[in-house]
Amino acid sequence: MSNLISALDKATDNSGIAKIEEIGLQGMITLRGDLSKAAVKKAATSVTGVEMPTLGHANHDGASGLCWMSTDELLVLCPYDQVADTLAKMHTALGKAHALAVDVSDARASLRVSGPNAREVMAKLAPVDLSPEAFKPGMFRRTRMAQVAAAFWMVDDATFQIVCFRSNAQYVFDLLKVAAQNGSEVGFFK
Amino acid sequence: MLILNCPCCGVTAEETEFHAGGEAHLKRFGPDSSNEDFENYMFMRQNPKGVHLERWRHNNGCGKWFHAARCTMTLEVFGTYSAQTYEPPKEICDLISAKRPGWSWGAFS
Amino acid sequence: MKRYSAFAIAREATRYHSGWERAWRAPEPKTKYDAIIIGAGGHGLATAYYLGKNFGITNVAIIEKGWLGGGNTGRNTTIIRSNYLQDPSAAIYEKSRFLYETMSQDLNYNVMFSPRGVIMLAQTHHEVRGYQRTAHANALQGVPTEWINPQRVKELCPIINLEGPRYPVLGGLWQARGGTARHDAVAWGYARACSDMGMDVIQQCEVTNIRREGGKVVGVDTTKGAIDCDKLGIVVAGHSGDLANMAGFRLPLESVALQALVSEPIKPAMDVVIMANTVHGYLSQSDKGEMVIGGGTDGYNNYTQRGSFHHVEETVRALNETFPMLSRLKMLRQWGGIVDVTGDRSPILSKTPVDGVFINCGWGTGGFKAIPGSGWAMAELMAKGHSPLTDEFGMERFIEGRFIDESVAAGVAH
Amino acid sequence: MSTRLATGGRLLNKSKALSFSFNGTTLKGFEGDTLASALLANDRVLMGRSFKYHRPRGVVASGSEEPNGLVQMGEGGKFEPNQRVTTTELFEGLKAKSQNHWPSLEYDVGALNAKLSRFMPAGFYYKMFIHPRSFWKHVYEPIIRHAAGLGAAPKATDRDADTYEHFYAFCDVLVIGGGVAGLQAAKAAAASGAKVIVAEQTAHLGGRAVVDGGTIDGQTAEDFVTAITAELEAMDNVTIRTRMMGAGVYDHGYVLGYERLKDHAPEMAGPRHRLWRIRAAQTITATGAIERPLSFAGNDIPGVMLASAIRDYVVNYGVSSGDRTVVVTNNDDAYRTAIALKHAGLDVPAIIDARPAGDDSDLIARAKALGIRVMMGHGIATVQGGKRVTGVEICAQAGEGAVLEEIACDAVAMSGGWSPVVHLWSHCGGKLTWDESQASFRPDPNRPPLGDKGQGFVSVAGAANGETTLAAILADATDCGKEAAKAAGFKAKATKAPVAEDAVERALLPVWLMPQGAGYKLRSKAWLDYQNDVKVSDVQLAAQEGFTSVEHAKRYTTLGMATDQGKLSNINGLAILSDSLNQPIPQTGTTTFRPPYTPISMGSIGGEARGDVFQPIRRTPMYDWHEANGADWEPVGQWRRPYAYVQSGETVHDAVMRETKNTRENLGLLDASTLGKIIVKGPDAGKFLDMLYTNMMSTLKVGKCRYGLMCSENGFLIDDGVVARIDDETFLCHTTTGGAETIHGHMEEWLQTEWWDWNVYVANVTEQYAQVAVVGPKARKALEALGGMDLSADAFGFMEWQDGSLGGFDVRAYRISFSGELSYEIAVPASQGQAFWDALMAVGADLGVMPYGTECLHILRAEKGFIMIGDETDGTVIPQDLGLNWAISKKKTDFLGKRAQQREHMVSDQRWKLVGLETIDKSTLPDGAYAVGEGTNANGQRVMIGRVTSSYHSPNLERGIAMGLVLHGPDRMGEVITFPGTDGKDYEAKIVSPVFYDPEGEKPNV
């Protein structure tokens, strides 16, 4: 549909020490269930083509992926226009297993922070050790950014992808802009 | 500013990721209970100077509730454990006994 | 007791101040008192004072584990107001505020009660409605308060930013006769007056046991020996659970840390007290010039008198936004106290399951303003067995489901 | 006079002169100066006035312990009072003004107080200003307030022009202090591979050693510092930050680092301060020691300074504090100052040493060799001078102060020994022990602050640990660094302590009063706390009056409560108090050390949270449209919802009235996206909801909706909303706007902590949908115009929901009504929300469509007698109070709140119950008004029998309507009761049914 608008309509800001973008609509499905059950695993892996993530990690392949959210919850990533199909396939795979799979693509916003200072910009807002030795691509962290809940992972060593509630997208974007203001390099991560 | 280890997702994080939920191991009393039992369940709290078994939720994280054994005088955390239990695990009780001999909490010690 | 006055100071100045007596005696405990008050904070000392003044009971000891006034009496943000919503609260806080008016004269000790006025700021429609409700209730309770518009708020407090980007100021509940007092002086003034009535203020004396016979209190054991008594008042904010345990009953409360901070002193910038509950910050300026700031409590049980720093951050950022000039000041000192919070966040002034034992606790974050009223009411309760000011604050209310909930108006903190 | 010397000044860049101003006079300094050194270089010794007596004050120290040299700087949004001159780095164009005087620094009317100081001893204000009562507020207090305070208040109209930020950093070992001890400890810790951060509050590393001399591994201290700094900087696991102060140590290894990024260069881009929130496994405080003043009469006169400060100004800044400096001491260290002054070509007429004559130590011998007169066993009886020192009167230390000799001088260098900086060790509970030999408190290593595992997490290195010689300091630091690394879980590498040589010193003699037998006149001129004007006699008076606890004495005299928090005065005051009480100092104890170490900006504490990002503003997908179409915003939790859409020429009230009429007559649209939507799924979902709601939800048919109530376990109504059954195992629960997160959390809490064996999953999908309430008699027409679903009453009944398509949008439609009109709530994916809204506005154009806001919503529901959570409820109301017994299942044995509602007070017939209220004259009742009964209660308060919970003017009924809770209300229909207003008027209202509009409920059912 042409009238789809992501939270910030792909706003970007490149005026500071890191690039900040809202990256548009990303398919997201919350899957809750017993992650050790074969049907749940299959529902998750068969639609994404990636392996089950271990605790605190995320596995990705382009727009598809699996993020470990909690002991009984995964965030299933897929292209936005394939959410309905993916959900249907998941429901088939789940069969009668007790589980909940629900589309949350529109409930969230996706942002990226990139550039050599990306870690520092994030470390101003999230109470997480973001040094290169502590936080690496492949890891997935649910935490808070300033005053709102958020989750993020690293697409590569200089790029964070952030998921937050759609209603908070503008706040998170503005926060990142403040954190990336010119002259605010910290020089802590070597 | 405490740090706690969430036993559900394994993350050790500062207090701002968590929400404190008061005394743990309260037994719920429903419609058939006595006034005293219900009052005890709703309001009476151990509030000790010392070992406190308490509930926390990792609300800015994995969203799970868990229990912590913590000293209210030093803020030492003896351990965190599952919320889906009626009593603290033995290893945590043993550790507390080693550090706070003679401690007790309701029926536990 | 030698009376304090400017004349007395002039007289002493001529002899190098060598003639000043101790403000209170430092006696050893007697073997028996008619009444013992555990806790020489403001509430405990006021209780003893009114036992003597109103009921002639002066064979009284006030026993203090540390130094008098060393608990929450000396750690709060000194706000005095009585614009509470519920009848029982309005009654006791207004009694208290009224007694503060003449406290300096009553005690012959300048407690610097400053009726500079208190504004409870309304920053949401919900708060507007809550405070208008309170204003209506206050009018019937004999508590003069007034709903004021934003322009009046600005007149009273020129440093406020009415147009916050997040929460514009929509008005406020104004109590012109609310204010502040010098917290230490309240404890010292009462201690001096109690001592002068012949009561014993016994510091550095910890109660280790409460002795009972046949369900009735007979005395206490302390680090300075056993002391007998007919009546016992437990008035120990932050330690109430411990003492209740000694007396063999439980309390519906938990102890948490409450933090406060002050800025460096500046010249007078603010003449009123402002409480901004939407953003959880309270602000006034002390006579010394410090901006005195209070915020919210920690969520977890804690006896350390230290809180978590993020609460300070939350309070300060809110006040920076509401009073932009604060941003250019510096925090001089932060500290914490331990407050007892009950199941309905209102205090307990009550008889207990032990005959002769009375308890006064659970003032949460609102204890300082209540000191004289609480002492007055507690003394009446101890002397006569009941007081109209304490009747609604009994412990039995939790079993009956009869709560005194002040948070209903607008999430009002104390 | 104080002046700039031709030589010296290791920190100066003399090739870069800077221009600055003090009280309007333009002066010159150099890059590398502090404001203090630059002022002294210009002979500006008088810098301020004291707090109480307005005594002349000059700088006494050279670092962050300075109590006197406070100025205000900057203008407009960069104005700041109370800036310490000793920690202010000079920059081009700096403008400073002195404080706390009128009309000028030199001639201050307030100095009259000093003349009256006899009448203003400690605590005088507790003893006077008592009568007449009204005078305190109107006369005394205003005068006192005006005289008190230090710097001016920033203007209310100037917003802070700077920005601030926070930064989270994690490390294994944090070293606070970049002197030789800190650097050496960092090196020893870093050798293990541990990640180390070093924080130094000044712009320079090296601390005191580079000024005091001595050799380390055969090099000068300066060369050692250069070498070890280079070594540390080359290590990947070490970060050194200068201009960053360890401000506070908090529980579980949390440390605040206060980094001043551009106080020294205000024109730079970027934030002014950065508050680091460091979580360190181990923290080493290598914070050095602070020199103590000596207590003698006139020790507050400008020109009397710490010996170490005078030395600092000479060595670091090439500034002499005076031409002739008398040194007075009880220890050897001050001799270094005398020697440094001599080397700089300045005159030192005498060293007054309170210690009895004895063997000459290295330093004493060197001083004598330079020709300096050393007077052992002597003290200063009094300092002469007013706004600066003109001379000293010498006496025997052992006596009562008989003057033996006068010595002319223009500066006095005093040293009472050194106190370790134990603040950071103590912030979080580290305990102290009394060190007899140094007459100071130092950390007790056996009682450290305890961390999350009960482990000690702070250790102390060097002078802060009570070590006094270079060799011992470096050895201690090496051990401390290794031990900290080990405690942080690393294997310490063998690191040799550097070999240091410095002078062998003679023991210090504790001297708390000079001379020891000083009489009252001298004691009342011997300052302890310079800023707050607390003298020896004041502390003695406190003790005499029974303020014997150290906290009492502090609070009674204000000792140590000034902006320096007693860094110079605490130990001296303690000693005087102990002496007055005839008890040893450790028995007196110390006051509590509280953060921050020195004051930190409120701006830095707030960090980024200001302006637009002060707090999150949650926006619905149609936020921008609302904003562009006149929304008057109402904050609802973190959301903003339109209160009304104000058109040009309208007041907000006009808009509300228009919207309310239009929705009843035509068509209204409400952005209902903020209402909570929670999916509850599983074989036990019905059972679970039966426990959560007072109603029976398990019997709800698929395709149907039911209004439900939720109570807390304590019985009170907490939320309400419509539950839709999606399929056999799935329900969608609507909550209030504020309830989305809390009710979701409430569900998770019960599922995780009580009924964890029940098979239920929940998910909060609130934001997945943009939800629009399409309301009014023309609602069906509008949706039919979009097309795609059969919306006829037969195909789509009241309290049903359907998935379908409208105007090409995939929708979930609920036929529910909170307005009493024909109404559909349509949910579309949030990303299509704006497009769907646009489509509705387009098809509604011919039907009289208007958006409406929350106030219209309130009026519509009130006209129907529907309760609103937060209006009719306030946390003390149970469903039974609201006549909602029909929604409380009688069949269920249990639900949350059921037991609580059985309690005595909950079943009492004295509870106020919901009714409608109508004024006789159709006016609107004041919101929140109380109804009065007969007489007063035991406390003299008017008896109340009810209150207004909601009150509006209804444009549809053309009258005021209200709901309220009234004692025996439902039994008193038709009775008139009185509500006194705060405006002095009594409002009469008749008790009626709360359903004012369409009592038969026909409208939504068409």
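Two residues are in contact here if their C-beta atoms, placed from the backbone, lie within 7 Å. By that criterion, 22 residues from chain D and 22 residues from chain B take part in the contact between these two chains. This is a predicted model, and the points below describe its chains, the places where they touch, and some of the strands and helices within them. Among the five pairs of chains that touch, chains C and D share the most contacts.

**Where the chains touch**

- On the side of chain D that touches chain C there are 94 residues, and they are in contact with 89 residues of chain C. Helix 4 of chain D, which covers residues 133-147, provides the largest share of that side of chain D, with seven residues.
- The side of chain D that touches chain C is made up of 43 nonpolar, 28 polar and 23 charged residues.
- A pairing of strands also links these two chains, since strand 16 of chain C (residues 330-342) and strand 34 of chain D (residues 600-601) run antiparallel and are joined by two bridges. Within this pairing, Met331(C) stands opposite Ile600(D), a residue of strand 34 of chain D.
- The contact between chains D and B takes 22 residues from each of the two chains. On the chain D side of it, helix 22 (residues 739-753) gives the largest share, which is four residues.
- The side of chain D that touches chain B divides into four nonpolar, seven polar and 11 charged residues.
- Chain A and chain C have no contact with one another, and their closest C-alpha atoms lie 10 Å apart.

**Chain D**

- Chain D has 1006 residues, of which 62% count as buried, and its secondary structure consists of 25 helices and 53 strands.
- Taken along the principal axes, the C-alpha atoms of chain D fill a box of roughly 115 × 70 × 55 Å.
- When contacts in chain D between residues at least 6 apart in sequence are considered, 66% of them join residues at least 24 apart.
- The domain assignment of chain D gives domain 1 (3-114), domain 2 (164-289 + 420-494), domain 3 (293-416), domain 4 (676-767) and domain 5 (909-1005). The C-alpha centres of domain 3 of chain D and domain 5 of chain D are 83 Å apart.

**Chain C**

- Chain C has 414 residues, of which 70% count as buried, and its secondary structure comes to 11 helices and 18 strands.
- The C-alpha trace of chain C spans about 65 × 65 × 40 Å along its principal axes. The radius of gyration of chain C is 21 Å, which agrees with the value near 22 Å that a compact globule of 414 residues would have.
- Of the contacts in chain C with a separation of 6 or more, 76% are between residues 24 or more positions apart.
- Helix 9 of chain C (residues 309-322) has 14 residues, which at 1.5 Å a residue should span 20 Å, and its end C-alpha atoms are indeed 20 Å apart. Because 13 of the 14 residues of helix 9 of chain C are buried, this helix is largely enclosed by the rest of the structure.

**Strand 5 of chain B and its neighbours**

- Strand 5 of chain B (residues 65-71) is mostly covered, with seven of its seven residues buried. Both of its faces are covered, for Trp65(B), His67(B), Ala69(B) and Cys71(B) are buried on one side, and Phe66(B), Ala68(B) and Arg70(B) are buried on the other.
- Strand 4 of chain B (residues 51-57) runs antiparallel to strand 5 of chain B, and seven bridges join the two. Here Glu54(B) stands opposite Ala68(B) of strand 5.
- Strand 6 of chain B (residues 77-82) also pairs with strand 5 of chain B in the antiparallel sense, over five bridges, and Arg70(B) stands opposite Val77(B) of strand 6.
- Strands 5 and 6 of chain B form a hairpin with five residues between them, and in its turn Leu75(B) has a positive phi of about 70°.

**Chain A**

- Chain A is divided into domain 1 (12-24 + 107-179) and domain 2 (27-106), and the centres of these two domains, taken over C-alpha atoms, are separated by 23 Å.
- Eight residues of domain 1 of chain A are in contact with 11 residues of domain 2 of chain A. The side of domain 1 of chain A that touches domain 2 of chain A consists of four nonpolar, one polar and three charged residues.

Methods: Residues are numbered from 1 along each chain as its sequence is written. Chains are lettered from A and ligands numbered from 1 in the order in which they are written. This is a predicted model: local features need pLDDT of at least 70, side-chain atom pairs count only at pLDDT 80 or more; totals for chains, interfaces and linings use all residues. Ala, Val, Leu, Ile, Met, Phe, Trp, Tyr, Cys and Pro count as nonpolar, Asp, Glu, Lys and Arg as charged, and the others, Gly among them, as polar. Two strands pair if DSSP finds at least two bridges between them. A residue is buried if 20 or more other C-beta atoms lie within 10 Å of its own, exposed if 12 or fewer, and partly exposed in between; C-beta atoms are placed from the backbone. Domain bounds come from an automatic or database domain assignment. The radius of gyration is taken over C-alpha atoms; the globule rule is 2.2 Å times the number of residues to the power 0.38. The expected span of a helix is 1.5 Å times one less than its number of residues.
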